[in-house]
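Reader: I have a model open on my screen and would like to learn how to read it. Could you walk me through a few features?

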Amino acid sequence: MHTPNPNRYDSPAFYRRCGRSGVRLPLISLGLWHNFGAVDSYENARAIARRAFDLGITCFDLANNYGPPDGSAEETLGKILRDDLGQWRDELIITTKAGYYMWPGPYGEWGSRKYLLSSLDQSLKRMGLPYVDIFYSHRPDPDTPLEETMGALDSAVRSGKALYAGLSNYPPAETARAAKILRDLGTPCLIHQPRYSMLDRWVEPQLLATLEAEGIGATVFSPLAKGLLTDRYFKGIPSDSRIAKDQRFLRPEHVTDEVIAKTKKLNDLAHSRGQTLAQMALAWVLRHKVVTSALIGASKVQQVDDCVGAVKNLNFSAEELALIETILAK
Ligand SMILES: NC(=O)c1ccc[n+]([C@@H]2O[C@H](COP(=O)([O-])OP(=O)(O)OC[C@H]3O[C@@H](n4cnc5c(N)ncnc54)[C@H](OP(=O)(O)O)[C@@H]3O)[C@@H](O)[C@H]2O)c1
């Protein structure tokens, strides 16, 4: 077992209440989408998880299909719990999701009750856990009645296999409908997990206001645009970067001259604030109080250190915000 840093909870401001709930989440959460699969170094994954916990990161985000191969990130987390962190299970928020393709046949993806509840059982088995803290519907299903998908989340909570229900990638109107169904069932929606960064602002026109009105917190994923909102690609594509290792979601063509020109200007502004670009990008999503947590990924322990350092300066002057808008608009 790992001996955790005794000072990991010394900063109460590092935790923000999640919507209208009893739960506070760390401003920075750790996602296990990349770098925790069976193809990755276990010792590196383990070191990242331990450092995160030592820095006060209590929330580890998973999904059934994280790997590769699918499911292996949950197995890695199970091993980390057995080797290092299991003794502190009550200090951890462990999440999982179901929605994307997991197994062949008609019951292996989307939003049926059949798929969601079978998938949750499989996830618990892979992690060696009796329950997760948050079980998410990973994406809306256009062909399954929302009542059925939300009913499955409610059942997961009532069965004790999940403590809270969450939505991910739901647009505003469906979020409001889902929230009402869950409320009527007696299992309020705790949290929504949408993508949000300086380079992808789809949540701003409506979703954030919907979440605020519904009393739902937000944990925003890919706040660093998968690495583009860092200095990672300023000098080409490093051999240890996500693009070099796994081109399923981030590819060389995403590193355009336009993106690099913008991010270099943002980098200058970040330095004038005494921050790295990654830190400023995280502070920027956290400027909305409805954003409970910025959900990062990391391939190295030092990246976790750097990201957590973002919370030292979460304030932006009106001039800085205006300059960011100007840079992003170009
Ligand atoms: N609900 C959903 O549909 C959904 C979808 C996607 C993700 N997620 C969740 O969100 C989590 C985060 O997603 P993400 O990994 O795309 O997030 P991200 O934080 O935008 O990108 C993480 C990548 O940025 C780079 N990085 C991180 N910190 C850095 C730093 N301080 N300096 C320089 N580079 C840094 C690393 O790239 P290198 O690997 O190149 O070093 C790292 O792998 C996932 O693990 C998952 O839990 C959810």
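**Around the ligand**

Author: Happily! This is a predicted model. Let's begin with the ligand: helix α10 gives the largest share of the shell around it, three residues.

Reader: Which elements each supply at least two residues of that shell?

Author: Those are β10 (291-296) and α10 (301-308). In total, 29 residues surround the ligand, and G31, W33, F221, L224 and G297 are the closest.

Reader: How many residues of each class does the shell around the ligand have?

Author: Sorted by class, there are 13 polar, eleven nonpolar and five charged residues in the shell.

Reader: Now the core. Which of its residues touch the most other members?

Author: The general idea comes first: nonpolar side chains in soluble globular proteins tend to be buried together. Here the largest nonpolar core holds 91 residues, and L282 and A294 touch the most other members. Helix α9 (residues 277-285) provides the largest share of this core, eight residues.

Reader: What does L282 touch, leaving out residues up to four places away in sequence?

Author: The partners of L282 are then I28, P223, A294, C307 and A310.

Reader: And A261: is this residue buried or exposed, and why?

Author: Here you count C-beta neighbours, and a residue with 12 or fewer within 10 Å is called exposed. A261 has 12 inside 10 Å, so A261 counts as exposed. You will find A261 in helix α8 (residues 257-272).

Reader: How far apart are the C-alpha atoms of A261 and I327?

Author: They are separated by 9.1 Å, while the two residues are 66 residues apart along the chain.

Notes
Residues numbered from 1 in each chain as written. Predicted model: local features only at pLDDT ≥ 70, side-chain atom pairs only at ≥ 80, totals over all residues. Near = placed C-beta within 6 Å. Helix = DSSP H or I, 4+ residues; strand = E, 2+ residues; numbered from the N terminus. Nonpolar A, V, L, I, M, F, W, Y, C, P; charged D, E, K, R; others polar. Buried ≥ 20, exposed ≤ 12 C-beta atoms within 10 Å, placed from the backbone. Core = buried A, V, L, I, M, F, W, Y, C linked by C-beta atoms within 7 Å. Contact = placed C-beta atoms within 7 Å.
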